[in-house]
Amino acid sequence: MDDHERTREAWGRAGEKYVREHAEFLEQARTATLFPHELEVVADLLRQGPEVLHLMSGNGVDDHALLRAGAVRVTGLDYDERAVTSAQERADALGAPIRYVRADVPPFPVPDASVDLVYTGKGAVVWVADLDAWAQETARVLRPGGHLFVHEAHPMVPLYDLDAQTTRMRDDRSYFAASHVNDTFPAHGAVEWQHTVGSIVTAVAGAGLRVEVLREHPAPFWKPGEVEAAAWDGRLPNSYSLLARLSG
Ligand SMILES: C[S@@+](CC[C@H](N)C(=O)[O-])C[C@H]1O[C@@H](n2cnc3c(N)ncnc32)[C@H](O)[C@@H]1O
C-alpha cells in the first residue's frame with residue numbers, strides 16, 4: 001500500500017464521524033462563522049458574493065460559514081463518500097446552495113476560470129502530495145482576479161510536543177522531512193506531507209498567483225486532546241492565513 005492509499009484508508013475510517021455526528025454538524029451549520037483570523041483577511045472578498053470552491057471540504061460546516069459571510073454558491077470537493085453524502089444532506093436540509101462532489105484532488109473536476117475564490121484549510125494542505133499540481137489547478141479554475149485563501153495549521157505544529165508544562169520539540173519529527181505519520185484523532189495512521197512555509201508560498205507563486213497576505217498566528221485552529229499545551233501559550237506559530245490573487 002503506498003502513502004496515498006494509506007491516507008485514503010485512514011480517512012475512510014475517520015469518515016464515519018461525518019455520519020455519526022450528523023446532527024451536531026447540522027446544528028453547527030445553522031450558525032457557523034469563519035474564525036476572526038480568517039474574516040480579517042477574507043471578509044471583504046466574501047461580501048462581494050463570490051462563487052467558491054472548497055477543497056477537501058470534510059464536514060462542510062465551513063461552507064455554511066462562507067455563505068453566511070456572502071458567498072453566493074459553494075462547491076465542496078472531498079474523496080470520502082461519507083463526507084460528501086452527509087454534507088450534501090445537511091446542505092439540502094438547510095436549503096443551502098452547496099454542491100458536493102466526490103473527487104481525489106488534485107486535479108479539480110471544475111471548468112477553467114469558473115470560480116472567484118478557492119478556499120481550503122483546517123487540515124487540508126497536509127494531504128496534498130503534489131503542491132505544484134494543487135497550485136496549478138487552483139490557478140486554472142480561478143477567474144482572472146480570483147483568489148486562493150488558505151487557513152491552515154502552521155507547518156511547525158507537527159514538531160510540537162503537546163505537553164501542558166513545557167514547550168518541547170518532538171525528536172521524531174523534522175521541519176524539513178518529506179512526511180510523517182499522523183498520530184492524533186481523526187486521521188490516525190494517515191501520511192501527512194510536511195510542506196514548509198517556503199514550499200507552499202513557492203508553489204503558489206510558481207502557479208502565477210501573487211501572494212497578498214501571509215499571516216502567522218499564535219492560536220491553533222484546532223486543539224487535539226484534553227490538555228492546554230504550552231506550545232499554544234502565544235510564543236510559537238500555530239496557524240497561518242494566506243491570500244493570493246490571480247492577475248487579471
Ligand atoms: C480535516 S478534514 C477537512 C477539513 C475541512 N476544512 C473541515 O473542517 O472539515 C480533511 C478532509 O480531507 C479529505 N481528503 C484528504 N485527502 C484528500 C484528497 N487527496 N482529495 C480529496 N479529499 C481529501 C478527507 O476525506 C477529509 O474529509
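**Helix packing, a seven-stranded sheet and a ligand shell**

Helix H3 (residues 22-31) and helix H6 (residues 81-93) pack at an angle of about 45 degrees, and their axes lie 10 Å apart; axes here are lines fitted to C-alpha atoms, for helices over the stretch in contact, with angles running from 0 to 180 degrees between N-to-C directions. The model is a predicted one, in which local features need pLDDT of at least 70 and side-chain atom pairs count only at pLDDT 80 or more, while totals for chains, interfaces and linings use all residues. Residues are numbered from 1 along each chain as its sequence is written. Helices (H or I, at least four residues) and strands (E, at least two) are DSSP runs numbered from the N terminus.

H3 and H6 are therefore oblique to each other, a word kept for angles that are not under 35 degrees (roughly parallel), over 145 (roughly antiparallel) or 65 to 115 (roughly perpendicular). On the H3 side, His-22, Phe-25, Leu-26 and Ala-29 meet Ser-86, Arg-90 and Ala-93 of H6, contact being counted when C-beta atoms, placed from the backbone, lie within 7 Å. The residues of this contact of H3 with H6 comprise four nonpolar, two polar and one charged, where Ala, Val, Leu, Ile, Met, Phe, Trp, Tyr, Cys and Pro count as nonpolar, Asp, Glu, Lys and Arg as charged, and the others, Gly among them, as polar.

A second helix pair is formed by H7 (residues 131-141) and H8 (residues 197-206), which pack at about 40 degrees with axes 8 Å apart, and H7 and H8 are therefore oblique to each other as well. Leu-131, Asp-132, Trp-134 and Ala-135 of H7 meet Ser-199, Ile-200, Ala-203, Val-204 and Gly-206 of H8, and by class this contact of H7 with H8 has six nonpolar, two polar and one charged residues.

Both of these helices also lie across strands: H7 across E1, E4, E5 (142-153), E10 and E11 (239-246), running at about 140 degrees to E5, and H8 across E5, E10 and E11, running at about 160 degrees to E10. An open sheet of seven strands has the order E3-E2-E1-E4-E5-E11-E10, with mixed pairing, two strands being paired if DSSP finds at least two bridges between them. Its edge strands are E3 (98-102) and E10 (209-217), each of which pairs on one side only. Within the sheet, E1 (residues 51-55) and E4 (residues 115-121) run parallel and are joined by four bridges, and the bridge partner of Val-52 in E4 is Leu-117.

Finally, 16 residues surround the ligand, of which Met-56, Gly-58, Asp-80, Gly-123 and Trp-127 come nearest; a residue is near a molecule if its C-beta atom, placed from the backbone, lies within 6 Å of it. By class, this shell has seven nonpolar, four polar and five charged residues.

How values were computed:
Two residues are in contact if their C-beta atoms, placed from the backbone, lie within 7 Å.
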